Each structure stands twice: as structure tokens, then as C-alpha cells.
Amino acid sequence: MAEPVVRIPDAKVALSTASVYPESTATAFEIAARLGYDGVEVMVWTDPVSQDIDALRRLADHHRIPILAVHAPCLLITQRVWSTDPWTKLQRAQAAAEKLGASTVVVHPPFRWQRQYVRDFVSGIWRMANETDVRFAVENMYPWRYRDREMLAYAPDWDVTKDDYRHYTIDLSHTATARTDAMNMIDRMGDRLGHVHLADGNGSNKDEHLVPGRGTQPCAELLEGLALGGFDGHVVIEVNTRRAMSSAEREADLAEALAFTRLHLASAVKVPRR
């Protein structure tokens, strides 16, 4: 006979500081510690604290919560954060991760208009990955859409599995916006899947970043698969709480996201009785 047992992977569950926007990076550390997250992923953006390694270290020490990942400033609104040169941004993200004890740098593929960056991107990421123990996990993106028009804003491709990277980040809000099969993409990533941005979506033209379980993406299936596979990367809650009517409502959403994640990471499996 086989008895069911619960298998929980070594993966840590972190809160992205982007999940508390428009509140501050400092608020994200406070909420993550209070709710029982295992750590945070710092989104480096226009908040000066997110760009300041010493300030981030003080927050981590004060709240006794580790920084597990650094998201490089790849967004349109962060084009001037940490230099206008994309490689300088990645070098600074790597240095920040090393100084803060984070194991992963999350990076988006280039915008198509960054032509030199595009030409060197795949080989450059490999070069940087070979120089550090920090993982450079390249994140899947999506086509930009307006009404019935579609624009391919990322290169070499928004579907990062079409190129050769050592590590990938899967983002389920992005798979929803791309209207692609998330589990198929995860299969293509295989054992190079090193990092997860957990959120949900309904296939809107907008990148929704819903609380897991509120959209159509296979969030539970992904987490259960990670548990069965012994995933040892990080699962990061990266959701949009901008419409929260109060701090209490925002915190409730983040508590729900954490509970959903922990529940589905605890995967019941059957093993033979000895």
C-alpha cells in the first residue's frame, strides 16, 4: 500500500517590493516580515531606497528578512535609473545582489530599439553569468497590444525560451498577457527554470498581475509541479495592489497570495510503504 505524504520543496516564498506600489520599498519589508514571507525581491526603480544598497541592508537587518533577489531596472520608467547604459545597470544589479546576499538578478530581454544591447544580449548574459555565483534569470515578456494592433517590443524575443540562457524566470501574468500556454513554456524551460514570479491574469491586453487564483493561469498546477520536482529557486509574489482602498486591504491581498502559494507548494504524493 502507498500512503500519502506531504512534500514541500526548499523554495522560499518572497514578496516583490513592486507588490506594495504606490507604497514604498520600506513598506514592503515591513509587510513581508509581518505576514511571514521568507524574504523579499527588490524591484529597483524610482524609489531612491530601492537604489541604495546601504539603505536596503538596514531594512533587511531591521526587519530580519533577507533579500533573495534583485530585479534590475528594465522598465520604461526606469530607463535612467542606475545609468542609461543597460550593461551598467546589470553590473550594478549584480554588485547589489552580491553585497546583499541575494542569489538572483531578474532581467527582461531588451527593447527592440536598444539595437546594440539586443545584438550582444544573449552572449553578454552568458558572460556575466560565468563571472559570478549570482543567477541571471531572464524573464518571459509579451507582445504589446492596443485594440486590434500588436507590437513586438522585445528582442531577441518576448518568448525567452527561443534563446539560450542559463536561467529563466517564468511570470504567469506575462503568459496571460501573451496568451500563451504557461505549462508548455515551463516545460521548455526545463531545469533552467530558476525563478518564479507568481501572479495571475485573464488574457487582457494589460499586464494584470492579479492575486494567484483570481485569473485563468495554472498557478496551482505550477506550484504543485515545483513541489514534485524539488524546485530550489524562489517563488516571488509579484501582484498589483494599486486598486486597494486601504493599507489593510492591500495587506489582505498579500496574505491571501502567500497562503495560496504555501498551500499549493505542499504537494501530497504517494510513496511505497516499506
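Which strand and which helix each supply at least two residues of the lining of the largest pocket? The numbered points below address this question and others for a model that is predicted.

1. **The largest pocket and its elements.** Strand 7 (144-146) and helix 8 (247-265) each give at least two residues to the lining of the largest pocket. The space in this pocket comes to about 1,200 Å³. Its lining is made up of 36 residues, and those nearest the centre of the pocket are Asp207, Glu208, His209, Asn240 and Arg242. Sorted by class, the lining has 16 nonpolar, nine polar and eleven charged residues.

2. **The second largest pocket.** For the second largest pocket, the volume is about 160 Å³. Two elements, helix 6 (182-189) and helix 7 (219-229), give two or more residues to its lining. Helix 7 makes the greatest contribution, with four residues. Among the lining residues are Met183, Ile186, Asp187, Glu221, Leu222 and Phe231. The classes in this lining are six nonpolar, two polar and three charged residues.

3. **The cavity.** When the whole structure is searched, one cavity of 30 Å³ or more is found. The largest cavity holds about 110 Å³ of space. Its lining includes Pro73, Cys74, Pro86, Leu90, Pro109, Phe111 and Tyr117. Helix 3 (residues 86-100) supplies three residues, the largest share of this lining. Eight of the lining residues are nonpolar, three are polar and one is charged.

4. **The nonpolar core.** The largest nonpolar core consists of 75 residues. Phe29, Tyr37, Ile67, Leu90, Ile125, Leu198 and Leu226 have the most contacts inside this core. Helix 3 again provides the largest share, here six residues. Some of these core residues recur elsewhere: Leu90 also lines the largest cavity, and Leu226 also lines the second largest pocket.

5. **Tyr37 within the core.** Which residues does Tyr37 touch, if those up to four places away in sequence are not counted? The residues are Val13, Ala14, Leu15, Ala32, Ile65, Ile237, Leu254, Ala257, Leu258 and Arg262.

6. **Leu76 in its loop.** Leu76 is found in the loop between strand 4 (67-71) and helix 3. Is Leu76 buried, partly exposed or exposed? Its relative accessible area is 47%, so Leu76 counts as partly exposed, since the partly exposed class lies between 20% and 50%. Apart from neighbours within four places in sequence, Leu76 has contacts with Phe111, Trp113 and Trp144. Leu76 and Phe111 are 35 residues apart along the chain, and 9.2 Å separates their C-alpha atoms. Phe111 also belongs to the lining of the largest cavity.

7. **The chain as a whole.** The protein chain contains eight helices and twelve strands. Its radius of gyration is 18 Å, close to the 19 Å given by the globule rule for 274 residues, so the chain is as compact as a globular protein of that length. The C-alpha trace spans about 60 × 40 × 40 Å along its principal axes. Of the 274 residues, 54% count as buried. Among contacts with a separation of 6 or more, 76% join residues 24 or more positions apart.

Notes
Residues are numbered from 1 along each chain as its sequence is written. This is a predicted model: local features need pLDDT of at least 70, side-chain atom pairs count only at pLDDT 80 or more; totals for chains, interfaces and linings use all residues. Side-chain values use heavy atoms; hydrogens and water are left out. On a 1 Å grid over the protein atoms alone, a cavity is a set of points where a 1.4 Å probe fits but cannot get out, and a pocket is an open set with protein on both sides within 12 Å along at least five of seven lines; lining residues have an atom within 4 Å of a point. Grid points are joined across faces, edges and corners, and a volume is the space filled by probe spheres set on the points. Ala, Val, Leu, Ile, Met, Phe, Trp, Tyr, Cys and Pro count as nonpolar, Asp, Glu, Lys and Arg as charged, and the others, Gly among them, as polar. A nonpolar core is a set of buried Ala, Val, Leu, Ile, Met, Phe, Trp, Tyr and Cys residues joined through side-chain atoms within 4.5 Å. Buried means under 20% relative accessible area, exposed over 50%, partly exposed in between (1.4 Å probe, protein chains only). Contact means heavy atoms within 4.5 Å. The radius of gyration is taken over C-alpha atoms; the globule rule is 2.2 Å times the number of residues to the power 0.38.
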